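Okay, thanks everyone. I've got one structure to walk you through today, so let me put it up on the screen.

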Amino acid sequence: MDRNNEAIKVELERLLEAEATAARALLQSLKVESAALSSRDHKLITINSANKRKLIDTLQNASDERIEFMAQNNLATSAAEIRAHAQASGDAHSNRVDELFIELANLAQLCFDENRIIGQLINRRSHFISQILRGLSPSANLYGLTYEENGSASGEQKKSMFYLTDI
């Protein structure tokens, strides 16, 4: 193997390590946000929000730098091409590069899943607050929703205790 090829593999490995480190930190931040939303810790949500934005920027920059490096060095960019190249080379750097690409794919999926959970928590809370505000509004229906023990809205409606003309 020539020195130039070795230097390219070493640099790609370094770039992938930086990207994986950023992805791990983002996943941790998403988990903290999910826990903070579940526990309604507004202070932690606020602090984590700024941190999460920085981590997303760091990850994006690391990804951009790696993609640019790969393009400049005519390296394969598809997962199948990268895996085939790593298997053909068989050296330690190629194997580590392959492992890092797999880890990045797994981290991306975990971040996606965690972000979906966060979205669900926010949507539920937003929906709940919207329903409360509609029930308290003077222009609301004469009827409000009733809730089952499991928290779901029931089809049976009763007069709202918050409707101002009934008081």
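So, what pattern does the protein chain follow when you read along the sequence? It goes α-α-α-α-β-β. That comes from four helices and two strands. Keep in mind, please, that this is a predicted model.

A few overall numbers before I zoom in. The chain has 167 residues, and buried ones make up 29% of them. The protein chain exposes about 11200 Å², with carbon and sulfur atoms supplying 55% of that area. Then there are the contacts: if you take those between residues at least 6 apart in sequence, 61% join residues at least 24 apart.

Okay, on to the part I wanted to show you, the second largest pocket. Its volume is about 220 Å³. There are 13 residues lining this pocket, and the closest to its centre are Leu26, Leu59, Ala108, Cys111 and Phe112. If you're following along on your own screen, those five are good ones to click on.

Which helices each supply at least two residues of that lining? Those are H1, running 3-39, H2, running 42-72, and H4, running 92-136. H4 gives the largest share, with six residues.

And what about the chemistry of the lining? By class, we've got 10 nonpolar residues, two polar ones and one charged one.

So that's the picture: a chain with four helices and two strands, and a second largest pocket whose lining draws its largest share from H4. Happy to rotate the view if anybody wants another look.

Technical notes:
Residues numbered from 1 in each chain as written. Predicted model: local features only at pLDDT ≥ 70, side-chain atom pairs only at ≥ 80, totals over all residues. Heavy atoms only, no water. 1 Å grid on protein atoms, 1.4 Å probe; cavity = no way out; pocket = protein on both sides within 12 Å on 5 of 7 lines; lining within 4 Å. Points joined across faces, edges and corners; volume = space filled by probe spheres on them. Nonpolar A, V, L, I, M, F, W, Y, C, P; charged D, E, K, R; others polar. Buried < 20%, exposed > 50% of the residue type's maximum accessible area, 1.4 Å probe, protein only. Contact = heavy atoms within 4.5 Å. Areas by Shrake-Rupley, 256 points an atom, 1.4 Å probe, with all protein chains shown as cover.
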